[in-house]
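Let's take a walk through this protein together. Please open the model in your viewer and keep the sequence at hand.

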Amino acid sequence: PTRLVALGSATVLSLTGVVVITAGPASASGHRPTPGAAGLGDRLYPLLGNGGYDVQNYDLSLTYPQKDPGQQVIGDVTITAVATQWLSRFDLDFGGDAVGAVTVNGKAAAFTRSGDELIITPQRALPADRKFTVRVSGFKATPIEPNADSPAGFVKTPDGTIVAGQPDETHNLYPSNDHPRDKATYTIRITNPVGWTGTANGIQVSRRQSGDKVVSVYRETHPMASELIQVAVGDFITYNRGRAGGVPVRDVVPRRLADDLLPKAADEMNEIPWLQGKVGKYPFENYGTLVIDGNLGFALETQTLSLFDTSWYSLPAYVLDPVAAHELAHQWFGDSVAPWEWSDVWQNEGHATWYEYLYAYETGRLKDYAGEDTLDEVYKGIYARGDERRARFGPTAQPLKADVIWDVFNPNVYDGGALVLYALQQKVGAVKFQQIEREWVRRYAGKSASTGDFIRLASRVSGQNLTAFLTDWLYGTKTPPMPGHPDWTV
Ligand code: ZN
């Protein structure tokens, strides 16, 4: 139901209904309004995100009318953004069922849908460098059953619904600029039936019951990539563990499984101070674990509340705990410091894998976990597979394609990304390496950063020009020689 026909970029519909044709430049500085790009130009996901504006805040309301995990949800979102060009129109990403109405700066705006693009034409062009608000109301979205082709998204489980948005699924739930380059703060308001729990990222700021409904409001004050949103609504319970290393910790689990799951999640209380000792202060307001009885086949670092499915919880602690340390490490690497584009995902997965193996080692479980006694032996084994993986998946910072999720989240990004860090540590020494790690998460906290940013920062902090060295390791089609281990072979 489009409320207004799309208006041409140089046409303004005045309040009196008189059509004013503004053929020339519309701004004092002479810039002609043009459409914002349909994508941010991500090499792997070209239509993800949109051009022409920068979101500052999402105020998102989601209503779950029934106690039914498969139900369609209804939402409203108010997005505060700054135009980065004169805009005649702009896109949001949205793949849900329906859109009710759109306003821009409080006035009805025309919209159309084309694939996953929601194309919005305001009545008046939006000036560059100015704030504007866009409100999409009455949108609808239905959760999916995860399967091998579509292992993520707005997901239904036996106990309720959750979100696994990475890398391109969040906009199936709500209209957004769905790319980690455009981080924003969030207010998330959940309305659900009494007896169910609604939880989201960050801090709960209010919770009130009215009639047979509960309205819970969460606030994430640290900039967050859309892919990292979590909204879990269902028959879950929240368990507050107190603080670890100064960080308040809360877990969210299906009520019927709480007695089994909660004790197994407790190692996070050790992991938080351990990782703070390595890389510095935890970047957000709180942390915790969300366990679902789904079949995701992975865990996911949703900001401040990492997602695991129960399959991890049937594995021994020597597996679960290092994997949990991996998701915790993502809160710094991937969440606080988000990738500039998806080809930079080695920054997320390489660092998370690095701390995963390190945690297994320092807690005396590397042999059980990775089959080796030392980290050198683990990395030697990864090194041996370097060329084979580069040929199959592409260089570490340049995955070849994104036809399926595992093309991007491939072993040469995870183990291969950690191997790049091992090579860097060999090259600069353990002391300088730790300085690089700490400076990376300090300098780019709350921002998005590229592989080029990493190379420049590593060079500056180490005091040596690492451009050629890291470019070979990150973009080479062949595995470079390993410093300190001239005998290692691929
Ligand atoms: Zn990961």
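Before we set off, one cut-off will help: a residue counts as buried under 20% relative accessible area and as exposed over 50%, with partly exposed in between. Keep in mind too that this is a predicted model.

With that cut-off we can begin at D129, which is exposed because its relative accessible area is 65%. You will find D129 in the loop between strand 10 and strand 11 (131–141). Its backbone deserves a look as well: D129 has a positive phi of about 65°, although it is not a glycine. For background, most residues other than glycine have a negative phi, and most peptide bonds are trans. T304 also has a positive phi, near 70°, and is likewise a residue other than glycine. T304 sits in the loop between strand 21 (289–292) and strand 22 (306–309). Is T304 buried or exposed? With a relative accessibility of 0%, T304 counts as buried.

Strand 10 leads us from the first of these loops into a sheet. This is an open sheet of four strands with mixed pairing, and their order is 3-6-10-9. At its edges lie strand 3 (34–35) and strand 9 (110–114), each of which pairs on one side only. Inside the sheet, strand 6 (residues 87–93) and strand 10 (residues 117–121) run antiparallel and are joined by four bridges. To find the register in your viewer, look for D91, whose bridge partner in strand 10 is I119.

Next, turn to strand 14 (residues 184–193). Why can this strand be called largely enclosed by the rest of the structure? Nine of its 10 residues are buried, so the strand is largely surrounded. Strand 14 pairs with strand 4 (residues 53–63) in the parallel sense, over seven bridges, and here S61 stands opposite R189. Strand 14 also pairs with strand 17 (residues 213–224), this time in the antiparallel sense and over nine bridges. In that pairing T191 stands opposite V215. The loop between strand 13 (160–164) and strand 14 holds P167. The peptide bond from Q166 to P167 is cis, with omega near -5°.

Now for the metal. Which residues provide the protein donors of the zinc ion? They are H326 and H330, each through NE2, and E349 through OE, at 1.9 to 2.0 Å from the ion. Along the sequence, these donor residues follow the spacing H-x3-H-x18-E. H330 belongs to helix 4 (residues 317–332) and E349 to helix 5 (residues 345–362), so this pair ties together parts that are 19 residues apart in sequence. H330 counts as buried because its relative accessibility is 0%. E349 counts as buried as well, at 1%.

Our last stop is a pair of helices. Two packed helices are described by the angle between their axes and the distance between the axes. The axes of helix 10 (residues 411–428) and helix 13 (residues 467–475) come within 10 Å and cross at roughly 160°. Since angles over 145 degrees count as roughly antiparallel, helix 10 and helix 13 are therefore roughly antiparallel to each other. Their crossing is right-handed. Helix 10 makes the contact through L419, V420, A423, L424 and K427, and helix 13 through F469, L470, W473 and L474.

Technical notes: Residues numbered from 1 in each chain as written. Predicted model: local features only at pLDDT ≥ 70, side-chain atom pairs only at ≥ 80, totals over all residues. Heavy atoms only, no water. Donors = N, O, S within 2.8 Å, 3.2 Å for Na, K, Ca; no water. Helix = DSSP H or I, 4+ residues; strand = E, 2+ residues; numbered from the N terminus. Buried < 20%, exposed > 50% of the residue type's maximum accessible area, 1.4 Å probe, protein only. Pairing = 2+ DSSP bridges. Axes fitted to C-alpha atoms, helices over the stretch in contact; angles between N-to-C directions. Parallel < 35°, antiparallel > 145°, perpendicular 65-115°, else oblique. Left-handed = near helix turned anticlockwise from the far one by under 90°. Contact = heavy atoms within 4.5 Å.
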